[in-house]
Amino acid sequence: MKLVLEKRSEHSEFMTLMSPLLAIALTVFTGAIIFAVQGLNPFEALYVYFIEPVTSVWSLEEVFVKAAPLILIGAGLSVCYMANVWNIGAEGQLTMGAIVGSIVPIVFTSWQSPLALVTMITLGALGGALYAAIPAFLKNRFNANEILTSLMMVYIAQLFLDWVVRGPWKDPKGFNFPQSIAFEGWQLLPTLGDGRVHIGIILAVIVVVILTVVMSRTLKGFEILVIGNSPRAGRFAGFSRKKIVWFCLLLSGGLAGIAGIGEVAGPSGQLQPTISPGYGFTAIIVAFLGRLNPIGVLFAGVMLAITYIGGEAAQIDLGVSDKTAQVFQGILLFYILACDTLILYRIKMLGSTKQQSVAAE
């Protein structure tokens with residue numbers, strides 16, 4: 001006996017739309033089991049994790065603060081993955097965007113004008129895009145696997161950030177803490193009201209709208225869909241796979257860079273050794289949970305932001321470890337991929353050697 005996956009000739013559009021909801025339901029069920037095994041009341045724990053973050057103004061503000069970078073990065077990654085360009089290094093592109101965008105407040109400390117903030121965002125996008133250009137070049141020139149190259153470059157970016165804040169950009173008045181000088185005035189993103197929510201969330205929504213139009217109403221969007229679904233058909237149509245690789249990686253890298261400068265010019269207010277709790281990796285889940293659709297990414301980003309706030313609340317109120325709090329994101333990704341696999345493939349049992357050889361052929 002042997003179990004194999006057999007590609008379905010057709011797949012249900014209804015189940016394709018419902019699979020994220022099914023994945024979320026399975027994640028909640030699995031989480032209840034995990035909490036019960038730890039001796040906690042599963043209903044109370046799930047309430048703290050998923051419901052409590054949306055029951056107060058303060059926690060809702062924090063949800064939107066964390067949703068902004070997730071939506072920005074997830075929207076870019078959704079375009080990449082739609083074209084079968086597998087950028088896994090958004091965390092490194094976020095980091096480089098933060099570093100390059102911080103040149104303005106650290107080097108030109110007295111520059112205080114709206115143009116300074118615009119320049120910071122532009123440099124952040126440029127830093128992330130140029131960092132993503134490296135795996136794009138390696139992919140097109142040497143056919144190097146972009147999954148490996150983009151992922152390995154994450155650690156280079158993080159080590160470079162650590163060196164910068166402990167070395168040349170270290171605040172001389174910072175009591176020897178590894179951090180840059182604090183950003184001030186127009187070097188910070190304006191907030192919406194008196195809370196911590198900044199204009200980054202508005203920028204994220206604008207990006208979602210633009211990418212929705214691009215993917216549904218433009219030739220470039222059609223080109224991405226064709227190349228992703230059928231590279232051979234794309235070649236016959238005259239579409240360039242190499243140009244799509246460049247476009248997708250530069251776009252996703254640029255958006256990740258904007259998310260990076262948004263973090264240091266927003267919640268952090270300065271460069272530190274750690275500026276992201278893993279947004280670049282979590283945004284992969286956001287992209288798939290949103291069905292690789294920018295509008296879906298908008299809602300998925302808010303959903304994953306809730307898990308960040310809920311995880312922090314669970315650590316405080318329930319005494320669980322940060323690893324237990326973070327495991328939900330991994331479980332959710334597993335169920336999303338499992339549901340998608342079963343939508344596209346059926347499990348088939350082969351009982352004889354003859355059947356196995358036929359299946360192999």
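Reader: In this predicted model, which residues of helix 12 meet which residues of helix 13?

Author: Happy to start there. Tyr 279, Thr 282, Ile 285, Val 286, Ala 287 and Leu 289 of helix 12 meet Val 297, Ala 300, Gly 301, Met 303, Leu 304 and Tyr 308 of helix 13. Sorted by class, this contact has 10 nonpolar, two polar and no charged residues.

Reader: How should I read the geometry of such a pair?

Author: Two packed helices are described by the angle between their axes and the distance between the axes. Here, helix 12 (residues 279-289) and helix 13 (residues 294-317) pack at about 130°, and their axes are 8 Å apart. The two helices are therefore oblique to each other, and helix 12 passes helix 13 in a right-handed crossing.

Reader: What is notable about phi of Leu 292, and where is Leu 292 found?

Author: A good one to check! Most residues other than glycine have a negative phi. Leu 292, however, has a positive phi near 55°. Leu 292 sits in the loop between helix 12 and helix 13, and counts as buried because its relative accessibility is 17%, under the 20% cut-off.

Reader: And is Asn 84 buried or partly exposed?

Author: Asn 84 is partly exposed, with a relative accessible area of 31%. This residue also has a positive phi, about 60°, although it is not a glycine. Its place is the loop between helix 3 (57-82) and helix 4 (90-101).

Reader: Finally, how many disulfides does the count come to?

Author: The count comes to zero disulfides. For Cys 248, the nearest cysteine sulfur is that of Cys 80, 4.9 Å away, while a disulfide needs the sulfur atoms within 2.5 Å. Cys 248 is buried at 0% relative accessibility, and Cys 339 is buried at 9%.

How values were computed: Residues are numbered from 1 along each chain as its sequence is written. This is a predicted model: local features need pLDDT of at least 70, side-chain atom pairs count only at pLDDT 80 or more; totals for chains, interfaces and linings use all residues. Side-chain values use heavy atoms; hydrogens and water are left out. Axes are lines fitted to C-alpha atoms, for helices over the stretch in contact, and angles run from 0 to 180 degrees between N-to-C directions. Helices (H or I, at least four residues) and strands (E, at least two) are DSSP runs, numbered from the N terminus. Angles under 35 degrees count as roughly parallel, over 145 as roughly antiparallel, 65 to 115 as roughly perpendicular and the rest as oblique. A crossing is left-handed if the near helix is turned anticlockwise from the far one by less than a right angle, and right-handed if clockwise. Contact means heavy atoms within 4.5 Å. Ala, Val, Leu, Ile, Met, Phe, Trp, Tyr, Cys and Pro count as nonpolar, Asp, Glu, Lys and Arg as charged, and the others, Gly among them, as polar. Buried means under 20% relative accessible area, exposed over 50%, partly exposed in between (1.4 Å probe, protein chains only).
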